[in-house]
Amino acid sequence: MLRFAFLSLLFASTAFAWGPHSEIAQAALDAMGPDDLLAKHLGADTKRLVQYVWMADNRQQLLSKGDEVFYADDVLLFPAATKHYDHLCPAVQQTYSPYFRRALQALRTESPHNAARWVGSLLHFTTDTGSPPHAASISGPVHSKMENWLNAKLIHIPGYKPQLLGSDDASAEAGFIRRMEGLIDFSKQRAERCRADVEADRREPVEPMVLESALETARVTADLLHTLGVLTAKGNGDSTLKGKVIAPKLDHPQLSRLLVKIVLRDTLYSTLASEDGTFSFAPLPAGEYHPVISAPGVVKDLPPVKLSAGSSIALDAVDLSAKTDGNLLRNPDFKLRWVSAEGFDHWNSRMPSGRLGGPKPVREWEGEKIPLQPGITNRLTVRWKSSAPAAEAPEVFVLTKAKPAYDSPPTDSAMLTPGKTELTVTGSADAAWGQVIIRTRGAPDTHIESVSLSATH
Ligand SMILES: [Zn+2]
C-alpha cells in the first residue's frame with residue numbers, strides 16, 4: 001500500500017501487507033496521549049512511528065525521503081537477529097524478544113530519531129501478528145483479502161488505558177510475549193470464523209471480524225509503547241561516547257546523503273549518525289569499546305576507547321571526505337562482520353533457485369540496492385586476490401531492475417571472473433537499480449580483495 005511519499009520505495013512484501021499498520025500505530029498513539037512517557041521521550045519523532053511501523057516490509061530497501069536516507073536493514077539486522085524473518089506465525093514469534101530488547105536499547109542509548117526507527121521495526125512484527133491470516137498462518141489468495149477487508153478509518157480505541165506489561169526489563173519482556181500469545185489466539189479465532197466467507201467472496205460479514213483484530217492489535221501496540229516508555233528511564237550506565245564523521249564525498253543524489261553507520265564491535269550497540277555526521281551512545285555501561293564506521297566505500301576501525309563510569313568521551317572527528325574513489329558499495333572489502341561471523345555486513349546471502357548439486361551449494365552474495373542514474377555509466381571493478389585458489393572462483397556481475405521490488409524482472413550484466421577486472425553498466429529506465437552479485441560456492445573474500453561500483457563521469 002503506497003500511501004506515503006516515504007514509502008515510495010516500499011515494494012518488498014506488499015503481496016502480504018496487512019493494510020492498516022499506520023492506522024493501528026496512530027490509534028495506539030492517540031490512546032496514549034502526548035503525556036505518555038514514550039511520547040515525551042521521542043518528542044517530535046513520535047509521529048515517525050506511523051511510517052516506521054512499515055520498516056520490516058522494507059527489508060533490503062533504500063529508504064529515501066527529505067530528511068533521511070538509510071537502508072532499512074540497518075535497523076532490522078543485528079547480532080541478535082542476523083536474518084530476515086517471515087512475518088507469519090509461527091516464524092514472526094521469534095522476533096519478539098530480540099526486537100523488544102533492541103528497541104529498548106535504542107530508546108536508552110541512541111537519539112530519539114534512531115530509537116523511533118528501531119521501535120518501528122518492533123511495531124511491524126507486533127502489528128503484523130494481529131492480522132488474522134498472519135496469526136492463523138494462512139497464505140495464498142485468502143490471505144490478502146482477509147487482512148485487507150476492513151475500513152481502516154474505523155481503527156480508533158478512544159478511552160483505552162494502556163497497560164504496563166511489566167515493571168522491569170525481564171518481566172516486561174515476558175508480559176509482552178504473553179500479550180502477543182493472547183493476540184494470536186484472538187486473531188486466529190477471527191480468521192477461523194471468517195474464512196468460509198472470505199473463500200466465498202462475501203466481504204460484508206468479514207469486515208467486522210477483521211476490524212476487531214485491528215482494534216485489539218492497537219490495544220496491544222499501546223500497551224507495548226507505554227511499557228517501553230516506562231522502562232526507558234530505567235537504563236543502566238552513565239557514560240557517554242560521542243563523535244562526528246564526515247562522510248565520503250559522492251556524486252550521487254541519494255547515496256551522498258546516506259547516513260553513516262557506527263557499530264561497537266562485539267557488542268549489540270550500533271547507531272546511525274545524524275545528517276550532520278554527529279552520533280552518540282548515551283548512557284553506555286562502563287567498559288572498553290571498539291567503534292567501527294561504515295559508509296559507502298569504506299569501513300574504518302577506530303582505536304579502542306575505555307569508558308569509565310560516569311565519563312564522557314568525545315572522539316576526534318573522522319573525515320572520510322578525502323576518500324574520493326566514488327565507490328557506492330558498503331563493506332566493499334568484506335572486513336565488517338558485526339551482524340554475524342557467518343556473513344558480511346551489507347551483503348545478503350541467498351541460494352539462487354534452480355542451482356543445485358556440487359560439493360558445496362552455490363550462493364549469491366547480494367550487495368545493497370544502488371539507484372543508478374539514467375544515462376550515467378557505472379564501472380564495476382573487482383580486485384582479485386592473487387593468492388586465491390583457481391578452483392571454485394566466483395562470478396561477479398551487476399543485476400539491474402526497473403524497480404527495487406523483488407518481482408521486478410532482473411537483467412544480469414556480463415560476468416567478471418578471475419583475470420577480468422572491469423565492466424560497465426549504464427543507468428536507464430529499465431536499469432534504475434543495480435545490485436552487485438557474487439555467485440560462488442565459497443566465501444566472497446576467499447578470492448576477492450574488494451569490489452567497487454562507481455559512476456564514471
Ligand atoms: Zn509484514
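**Exercise 1.** Classify Pro248 as buried or exposed from its relative accessibility, and then place the residue within the chain.

*Solution.* Pro248 has a relative accessibility of 7%, so it counts as buried, where buried stands for under 20% relative accessible area, exposed for over 50% and partly exposed for the range in between, with a 1.4 Å probe and protein chains only. The residue lies in the loop between strand E3 (239–246) and strand E4 (261–264); helices (H or I, at least four residues) and strands (E, at least two) are DSSP runs numbered from the N terminus. As for its position in space, the C-alpha atoms of Pro248 and Asn327 are 9.2 Å apart, although 79 residues separate the two in sequence.

This is a predicted model, in which local features need pLDDT of at least 70 and side-chain atom pairs count only at pLDDT 80 or more, while totals for chains, interfaces and linings use all residues. Residues are numbered from 1 along each chain as its sequence is written, and side-chain values use heavy atoms, with hydrogens and water left out.

**Exercise 2.** Describe the largest nonpolar core, and state which parts of the chain supply its residues.

*Solution.* A nonpolar core is a set of buried Ala, Val, Leu, Ile, Met, Phe, Trp, Tyr and Cys residues joined through side-chain atoms within 4.5 Å. The largest such core holds 83 residues, and Leu49, Phe100, Ile155 and Leu225 have the most contacts inside it. Several helices each give at least two residues to this core, among them H1 (21–32), H4 (96–109), H5 (112–129), H8 (169–199) and H9 (206–232). Helix H9 gives the largest share, with 13 residues. The core also crosses a domain boundary, since domain 1 (5–232) and domain 2 (239–319) each contribute at least three residues.

To see the surroundings of one core member, take Phe100: leaving aside neighbours within four places in sequence, its contacts (heavy atoms within 4.5 Å) include Leu122, Ala172, Phe176, Leu224 and Leu228. A second, separate core has 29 residues, including Leu329, Trp384, Leu423 and Ile438.

**Exercise 3.** Characterise the interface of domain 1 and domain 2 by its contacts, its buried area and its polar pairs.

*Solution.* Begin with the domain assignment, automatic or from a database, which gives domain 1 (5–232), domain 2 (239–319) and domain 3 (348–455). Over C-alpha atoms, the centres of domain 1 and domain 2 are 29 Å apart, and 21 residues of domain 1 are in contact with 17 residues of domain 2.

Next comes the area. The size of an interface is often given as the accessible area lost when the parts come together; here the loss is computed with a 1.4 Å probe and summed over both parts. For domain 1 and domain 2 the buried area is about 1600 Å², with 51% from carbon and sulfur atoms. Val69, Asp74 and Thr109 supply 34% of the area that domain 1 buries against domain 2, more than any other three residues.

Finally, count the polar terms. One salt bridge, that is, a side-chain nitrogen of Lys or Arg within 4 Å of a carboxyl oxygen of Asp or Glu, is found across this interface. The side chains of Asp74 and Lys261 form a salt bridge at 3.2 Å, N to O. Ten residue pairs, both members at pLDDT 80 or more, are in polar contact between domain 1 and domain 2; such a contact is a pair of N or O atoms within 3.5 Å, where within protein one must be able to donate a hydrogen and the other to accept it, and residues adjacent in sequence count only if both atoms are side-chain atoms.

**Exercise 4.** Compare the settings of the salt bridges that Asp223 and Glu216 form.

*Solution.* Asp223 pairs with Arg179, the closest N and O atoms being 2.7 Å apart. Because Asp223 lies in helix H9 and Arg179 in helix H8, the pair ties together parts that are 44 residues apart in sequence. Asp223 is buried, at 1% relative accessible area, and Arg179 is buried too, at 18%.

Glu216 pairs with Arg219, again with the closest N and O atoms 2.7 Å apart, but Glu216 and Arg219 are three residues apart in helix H9, so about one helical turn separates them. Glu216 counts as buried at 12% relative accessibility, whereas Arg219 is partly exposed at 24%.

Note on methods: Buried area is the accessible area (1.4 Å probe) that two parts lose on being put together, summed over both.
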